[in-house]
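This report concerns charged side-chain pairs and the packing of helices. Please consult the sequence and the structure shown here.

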Amino acid sequence: GRVVVVSRKAFDDVKKDIYKVSARFLLAKRYISYASSQLLDPETEASYEREALLHLQFVARSPHGSEEANWLLLEIYRNREAWDEAFAILGQSTRFEQSKAMMYYTMGQFDKLASQLSNMKATGSLEKEWVPIADWWGVS
């Protein structure tokens with residue numbers, strides 16, 4: 001099918017030019033798709049996720065990387081509870097403010113959550129659907 005053709009093309013592109021960012025990104029997306037299919041044994045699933053992680057890390061470090069690659073990388077780190085790596089990604093952009101707040105909540109670091117919500121409100125990045133959440137946490 002198309003998925004195999006796209007993956008084979010991306011794989012062939014990577015073999016030709018290891019620095020081809022778009023091919024590595026496409027290949028990472030395929031590995032993520034396979035790993036999340038729930039059709040694989042746990043070892044193969046983990047192997048595909050590791051491959052995706054390697055390609056996404058390369059893409060994220062590249063000057064030609066994309067925000068979508070950062071989001072996928074962030075999702076892998078969050079699923080693995082690799083908080084330091086996730087926060088390193090989050091520190092690169094102000095567009096991840098809500099993700100920071102959600103991670104603080106997941107980690108049970110409620111003081112940092114309240115501080116994050118307060119910062120979001122102060123900088124104007126607190127979206128209207130988040131206002132009741134900030135209010136509940138006592139952010140003024």
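## Basis of the description

A residue counts as buried under 20% relative accessible area, as exposed over 50%, and as partly exposed in between. The model described here is predicted.

## Salt bridges between helices

Side chains of opposite charge can pair when their charged atoms come close. The structure holds 3 salt bridges. In one of them, Arg80 pairs with Glu49, and the closest N and O atoms are 2.8 Å apart. This pair joins distant parts of the chain, since Arg80 belongs to helix α4 and Glu49 to helix α3 (residues 42-61), with their positions 31 residues apart. Arg80 has a relative accessible area of 38% and is therefore partly exposed. Glu49, at 25% relative accessibility, likewise counts as partly exposed.

A further salt bridge connects Glu68 with Lys29, where the closest N and O atoms lie 3.7 Å apart. Here too, distant parts of the chain are linked: Glu68 is in helix α4 (residues 67-80) and Lys29 is in helix α2 (residues 21-35), 39 residues apart. Glu68 is partly exposed because its relative accessibility is 41%, and Lys29 is partly exposed at 27%.

## A salt bridge within helix α6

The side chains of Lys100 and Glu97 also form a salt bridge, with an N to O distance of 3.6 Å. Both residues lie in helix α6 (residues 97-107), where they are 3 residues apart, or about one turn of the helix.

Are the two partners buried or exposed? Lys100 has a relative accessible area of 16% and so counts as buried. Glu97 is buried as well, at 14% relative accessibility.

## Packing of helices α5 and α6

Two packed helices are described by the angle between their axes and the distance between the axes. For helix α5 (residues 83-90) and α6, the axes come within 10 Å and cross at roughly 165°. Angles over 145 degrees count as roughly antiparallel, and α5 is therefore roughly antiparallel to α6. The crossing of α5 past α6 is left-handed.

Which residues form this contact? On the α5 side they are Trp83, Ala86, Phe87 and Leu90, which meet Ser99, Lys100, Met103, Tyr104, Thr106 and Met107 of α6. By class, the residues of the contact between α5 and α6 comprise 7 nonpolar, 2 polar and 1 charged. Lys100 thus has two roles in this description: a residue of the contact with α5 and the salt-bridge partner of Glu97.

Technical notes. Residues numbered from 1 in each chain as written. Predicted model: local features only at pLDDT ≥ 70, side-chain atom pairs only at ≥ 80, totals over all residues. Heavy atoms only, no water. Salt bridge = Lys/Arg side-chain N within 4 Å of Asp/Glu carboxyl O. Helix = DSSP H or I, 4+ residues; strand = E, 2+ residues; numbered from the N terminus. Buried < 20%, exposed > 50% of the residue type's maximum accessible area, 1.4 Å probe, protein only. Axes fitted to C-alpha atoms, helices over the stretch in contact; angles between N-to-C directions. Parallel < 35°, antiparallel > 145°, perpendicular 65-115°, else oblique. Left-handed = near helix turned anticlockwise from the far one by under 90°. Contact = heavy atoms within 4.5 Å. Nonpolar A, V, L, I, M, F, W, Y, C, P; charged D, E, K, R; others polar.
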